[in-house]
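Thanks for sharing this one with me. Below are my notes, set out as numbered points to read alongside the structure.

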Amino acid sequence: MAGSRSQFKQQRNKENRETRPHATHKFARISDRKARIVLEQIKGRDVVSAKAILDYNPRYGAYLVGKVLKSAVANAEENHSLDTSELFVEEVIANQGPTLKRIQPRAKGRAYRINKRTSHITIILNER
């Protein structure tokens with residue numbers, strides 16, 4: 001058995017690495033459910049129409065998703081040398097991140113818990 005444990009890990013990670021252009025926003029201060037509402041609107045669309053949808057969407061999630069989409073397009077241009085007019089949103093992911101737990105004082109010395117949820121937003125692009 002040749003090779004060390006770290007070499008096996010490097011080989012495994014190289015095989016599982018994402019080859020399509022993508023971008024991720026980790027620890028976004030929005031719940032994953034609210035982010036998914038916006039992400040489902042742009043899934044499968046070309047980049048130009050996805051940007052237009054996000055620009056005119058009043059939700060805060062649209063602002064965050066717009067930044068991730070812009071980053072993914074820049075990654076496609078710089079790292080993969082792809083033409084932006086041919087790109088479309090192939091896959092969108094909003095996973096739950098860590099929850100910030102806060103306390104709200106209430107009457108009679110009680111305390112209510114407030115959960116400030118975070119999410120990890122990922123957008124994966126591809127060429128038509």
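1. E2 and E5 run antiparallel and are joined by nine bridges. If you would like one pair to look for, take Ala94, whose bridge partner in E5 is Ile121. Please keep in mind throughout that this is a predicted model.

2. On its other pairing, strand E5 (residues 119–127) meets E1, again in the antiparallel sense, over five bridges. Here a handy pair is Ala23 and its bridge partner in E5, Ile123. As a general reminder, strands of a sheet pair through backbone hydrogen bonds, and they can do so in parallel or antiparallel fashion.

3. Put together, the three strands make an open sheet with the order E1-E5-E2 and antiparallel pairing. Strand E1 (22–28) and strand E2 (87–96) are the edge strands, each pairing on one side only. From one strand to the next, the twist averages 15°.

4. What packs on this sheet? Helix H4 (residues 60–80) does, and it touches E1, E2 and E5. The direction of H4 makes about 145° with that of E1. As for E5, this strand is mostly covered, with seven of its nine residues buried.

5. Ala23 deserves a closer look. This residue lies in strand E1 and is buried, because its relative accessibility is 6%, under the 20% cut-off. Beyond its neighbours within four places in sequence, Ala23 is in contact with Val68, Ser71, Ala72 and Asn75, and also with Ile121, Thr122 and Ile123. How far apart are the C-alpha atoms of Ala23 and Ala72? They are separated by 4.6 Å, although the two residues are 49 residues apart along the chain.

6. Two backbone angles are worth checking on your screen. Phe27, placed in strand E1, has a phi near 60°, a positive value in a residue other than glycine. Ser81 is not a glycine either, yet its phi is positive, at about 55°.

7. Is Ser81 buried or exposed? Ser81 sits in the loop between H4 and E2, and it counts as exposed because its relative accessible area is 64%, over the 50% cut-off.

8. Asn57 gives a contrasting loop position to visit. Asn57 is found in the loop between helix H3 (47–55) and H4, and it is classed as buried because its relative accessibility is 15%. Which residues does Asn57 touch, if those up to four places away in sequence are not counted? They are Val38, Gln41 and Ala62. With Gln41 there is also a polar contact between the side chains, at 2.8 Å.

9. Lastly, a word on the aromatic rings. The charged end of Arg128 sits over the ring of Phe88, 4.3 Å from the centre of that ring. How many aromatic pairs does the structure hold? There is one. In general, such a pair is described by the distance between the ring centres and the angle of the planes.

Terms used:
Residues are numbered from 1 along each chain as its sequence is written. This is a predicted model: local features need pLDDT of at least 70, side-chain atom pairs count only at pLDDT 80 or more; totals for chains, interfaces and linings use all residues. Side-chain values use heavy atoms; hydrogens and water are left out. Two strands pair if DSSP finds at least two bridges between them. Helices (H or I, at least four residues) and strands (E, at least two) are DSSP runs, numbered from the N terminus. Axes are lines fitted to C-alpha atoms, for helices over the stretch in contact, and angles run from 0 to 180 degrees between N-to-C directions. Contact means heavy atoms within 4.5 Å. Buried means under 20% relative accessible area, exposed over 50%, partly exposed in between (1.4 Å probe, protein chains only). A polar contact is a pair of N or O atoms within 3.5 Å; within protein, one must be able to donate a hydrogen and the other to accept it, and residues adjacent in sequence count only if both atoms are side-chain atoms. Rings of Phe, Tyr and Trp (its six-membered ring) pair if their centres lie within 6.5 Å; planes under 30 degrees apart count as stacked, over 60 as edge-to-face and the rest as tilted. A charge sits over a ring if NZ of Lys or CZ of Arg is within 6 Å of the ring centre and within 35 degrees of the ring normal.
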